[in-house]
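Reader: Could you take me through the way burial and salt bridges are read from a set of coordinates, giving the general idea before the particular case?

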Amino acid sequence: LKSVGVEQIQRSLSISDASISYVIGIVRLGVLLAIFLNLAADRLGRKPLLLITICGFAVMTALTAFSMNVYWFTIAQFFAKMFIHAEYLLSNISILEEFDTGTRGWALGAVSALCVVGSGLCIILYGPLGGYPYGWRILYGIGVVPLIVLAYLRRNLPESRLFRSTQVERGRNYEETHDDNPVEHVTCCQRLERYFRPLKEIQGHYTLLFKASMLLFVYGFCGYPGQFFMFKVLQERYKYSTLEVTAITVGGGLVSIFAYVSAGKLSDRYGRRPILSVVYFLFFAFLITFYNSDGGFFTVASWVIFAASMFGLDVLNSTLVSEIFP
């Protein structure tokens with residue numbers, strides 16, 4: 001919603017073009033705090049953290065709808081980004097823990113494709129509402145409703161099989177090493193050590209962690225700014241109306257959505273790295289094409305192919321990075 005409605009948000013909150021990049025940059029930094037929520041999930045379980053993150057995201061989304069100035073909007077969206085990114089990571093981890101290696105790509109693709117349906121509904125509503133001064137606020141308010149329903153449904157969400165088996169194994173190891181000391185006093189330092197233990201457990205994978213981080217850094221540093229301002233360019237430079245933006249996004253999205261399942265399926269068959277390389281090439285090639293087109297057919301066509309490659313990268317990056325760590 002921030003991306004498609006950025007022009008309306010700027011006008012409503014008096015955010016200049018010189019300042020909007022800082023706002024988006026600060027909001028994006030919320031993903032760094034998501035790391036700590038994911039570390040907590042390794043100790044407390046996927047289920048409670050999935051419930052916490054969806055409730056936190058719902059609260060921050062509601063606060064965003066009532067933003068009175070740029071500072072309120074930035075802070076609310078910063079924490080919303082933290083919660084939704086942790087939610088995204090935990091959802092992918094839960095899928096990876098439930099599915100076998102040969103079907104993980106397809107499973108992630110299928111779930112991601114369903115997620116796009118929600119984005120599609122938002123964009124459909126943006127068409128008639130986006131032109132009004134408070135249209136973006138209404139859309140944020142509407143978005144809170146399904147989040148509340150989802151949080152309610154998650155009360156009975158089962159814990160992942162792999163996490164349950166890991167906890168049982170850890171319990172056995174703990175009992176074997178603490179038989180002579182049934183009542184143990186746990187210090188603050190010991191609690192911190194247990195909290196950050198997952199970082200220690202990936203010892204021997206630091207090189208892969210660095211390579212994966214650099215890959216995602218390039219993707220975010222080069223791709224996200226161009227991706228974010230696409231809708232702004234369509235409306236300001238090429239003078240597309242909100243309804244025309246909706247038509248392009250929904251029409252192109254219906255075509256591009258198959259990239260989720262296709263990318264996952266192809267990577268299951270031919271491997272993660274070769275398919276990832278091809279999709280990365282398409283992503284950057286058509287990002288450049290979009291910004292150098294004339295606003296006509298090639299602009300729309302390049303956006304559709306760019307969106308398809310972006311959807312594919314969501315699945316491929318998640319699958320590849322998750323599989324190289326224990």
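Author: Burial is judged by relative accessible area, where buried means under 20%, exposed over 50%, and partly exposed in between (1.4 Å probe, protein chains only); of the 326 residues of the protein, 42% count as buried. This is a predicted model, in which local features need pLDDT of at least 70 and side-chain atom pairs count only at pLDDT 80 or more, while totals for chains, interfaces and linings use all residues. Residues are numbered from 1 along each chain as its sequence is written, and side-chain values use heavy atoms, with hydrogens and water left out.

Reader: How many salt bridges does the rule give?

Author: A salt bridge is a side-chain nitrogen of Lys or Arg within 4 Å of a carboxyl oxygen of Asp or Glu, and the count comes to four. In one of them, Asp-17 pairs with Lys-232, with the closest N and O atoms 3.2 Å apart. Asp-17 lies in helix α2 and Lys-232 in helix α12, so the pair ties together parts that are 215 residues apart in sequence; helices are DSSP runs (H or I, at least four residues), numbered from the N terminus.

Reader: Is Lys-232 buried or exposed, and which residues are linked with Lys-232 in a network?

Author: Lys-232 is buried, at 8% relative accessible area, whereas Asp-17 is partly exposed at 48%. Lys-232 also meets Glu-236 in a salt bridge of 2.7 Å, N to O, and these two residues, four apart in helix α12, are separated by about one helical turn. Asp-17, Lys-232 and Glu-236 are thus linked in a network of salt bridges.
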